[in-house]
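Reader: I have a new structure to look at and would like to go through its side chains. Can you take my questions as they come?

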Amino acid sequence: MHTKKIYLRSVVLTLILLLAHASCFAQLPQASAIAPKMYPGWNLGNTMEPPVSSLGAETAWQGTKTSQQLIDYISSLGFRSVRIPCSWDCHATAGVIDAAWLSRVREVVDYCLADGLYVLLNDHWDNGWIETQGFTNLSEDNVAAKEENLRKLWTQIAEYFRDYDEHLLFAGLNEPNCDNQAKTDALIRYEQAFIEAVRATGGNNLSRTLVVQGPSTDIDNTDKYYDVTRLADTAEGRLMVEVHYYSPWNFAGMEKDESWGKMSWYWGSANHVGGSAYNSTWGEESYLMAQFRKMKAKFVDKGYPVILGEYGCQWRDLSGKAGEDQSKHDASVKHFHRQVNEQAVSLGLVPMVWDINYTNRQATKGTMTIIDRKQLSVFNQHAIDGIAEGVAAATWGGPATSLQRVPFRPVPERAYSLSGQRVGAGFRGLVVSGGRKYVQP
């Protein structure tokens, strides 16, 4: 009898410990609940992704080391998520990621989480080991080898961050170089390996939201070739799809005239300049809306939130160009950012602006920089104003919710907690303003 009691007690104790362990890793929210809390988003661009195999990578392409003060400033501007483009393979030896690099990435992630921001951490370019080389050779040997290396990398990353909550999302790749169905088939294999590697590490990774990339993160290729339902996931409702938007390239990214076309300096029908050869001739408001609607119909309406992981346009200095109009160009930059954010949010896409911390417009070449990180100041006010106005004008078009999001700017001046206490911009949670409930994530 005494032996039976001891046995029963040990069984009960074991069950209690198992339940306690399970409660530490309760299921994280689904992707549809996370997405409306993420916009607008900002990219820590050209920072953690340079293919330099040392901690010096962080300042190889731009000169400012990321700090808590920088992320505090980003948060103060109203951004609600940070995408961290990151290299991993070039920081690995014999497949093992350098411990010091993992630690530094964690510091940057923690800066963001300390401010209540969502973080999207990916494997970005990484010297093209899979983004390019995984698609130029589609032999079984090459695809299998890339698939296995991706699995090893994400197993280590996922284990390292296993205990982090839903504010951390993983994105398997960046811009996989796919432009046909055969390459997309290989992409599906890579993404399946990514999903399986993360889930196999257990803990919060069993239900963490994961982000998969469409072919080339190009909207047309994704609409034509990509079927996200081919991916198997043990966690229901915890996938998002990522695309990017730099259209028309003549306006968004082109740095000089080419034989096949000229740069565009003016975007939007109200911003064209009479007599200029640099008005946009395609890709304006109606095109943008049509492209985003493709993603809503293909993914959002079927329960998959969409991350617009990168978008942006060059801000140029036209002062040396006679007959051109700087104010119209500035208005074009603002209008582009407003339209991307307003239409994306309204259709259930989470916009995350690209930002490279290079504060030289280089005349008509331009730069895709919004924040001067060294000075902790806004460099491109036109872009910031466009983002703010676009988010303020939009109503979330993704999953329905009974709560409305706080506008891009901080909590309204007269806002109160549910206990009736006046709250300020740093408050997180439910607030009441003007008789309406809001969420301040």
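Reader: Let's start with Cys 112. Is Cys 112 buried or exposed?

Author: Cys 112 is buried, at 0% relative accessibility. Buried means under 20% relative accessible area, exposed means over 50%, and partly exposed is in between, with a 1.4 Å probe and protein chains only.

Reader: Before more numbers, what kind of model is this?

Author: This is a predicted model, where local features need pLDDT of at least 70, side-chain atom pairs count only at pLDDT 80 or more, and totals for chains, interfaces and linings use all residues. Residues are numbered from 1 along each chain as its sequence is written, and side-chain values use heavy atoms, with hydrogens and water left out.

Reader: Back to cysteines. How many disulfides are there?

Author: Zero. A disulfide here is a pair of cysteine sulfur atoms within 2.5 Å.

Reader: Take Cys 90, then. Why no bond there?

Author: Because the closest cysteine sulfur, in Cys 86, is 8.5 Å from the sulfur of Cys 90, which is too far. Cys 90 counts as buried, at 18% relative accessibility.

Reader: New topic: charges. How many salt bridges turn up?

Author: The whole structure has 19. The term covers a side-chain nitrogen of Lys or Arg within 4 Å of a carboxyl oxygen of Asp or Glu.

Reader: Which residue does Asp 220 pair with?

Author: With Lys 294, at 2.7 Å from N to O. Asp 220 is in helix α8 (residues 219-225) and Lys 294 in helix α10 (residues 285-298), so this salt bridge ties together parts 74 residues apart in sequence. Helices (H or I, at least four residues) and strands (E, at least two) are DSSP runs, numbered from the N terminus.

Reader: Buried or exposed, that Asp 220?

Author: In between: Asp 220 is partly exposed, at 34%. Lys 294 is also partly exposed, at 28%.

Reader: And what does Arg 151 meet?

Author: Arg 151 forms a salt bridge with Glu 196, 3.1 Å from N to O. Arg 151 sits in helix α6 (residues 140-160) and Glu 196 in helix α7 (residues 181-200), 45 residues apart.

Reader: Which residues share a network with those two?

Author: Glu 140, Glu 147 and Arg 189 are linked with Arg 151 and Glu 196 in a network of salt bridges. Arg 151 is partly exposed at 24% relative accessibility, and Glu 196 is partly exposed at 37%.

Reader: One last pair. What does Lys 365 meet?

Author: Glu 255, in a salt bridge of 3.7 Å from N to O. Lys 365 is in the loop between β10 (349-353) and β11 (371-372), and Glu 255 in the loop between α9 (249-252) and α10, 110 residues apart.
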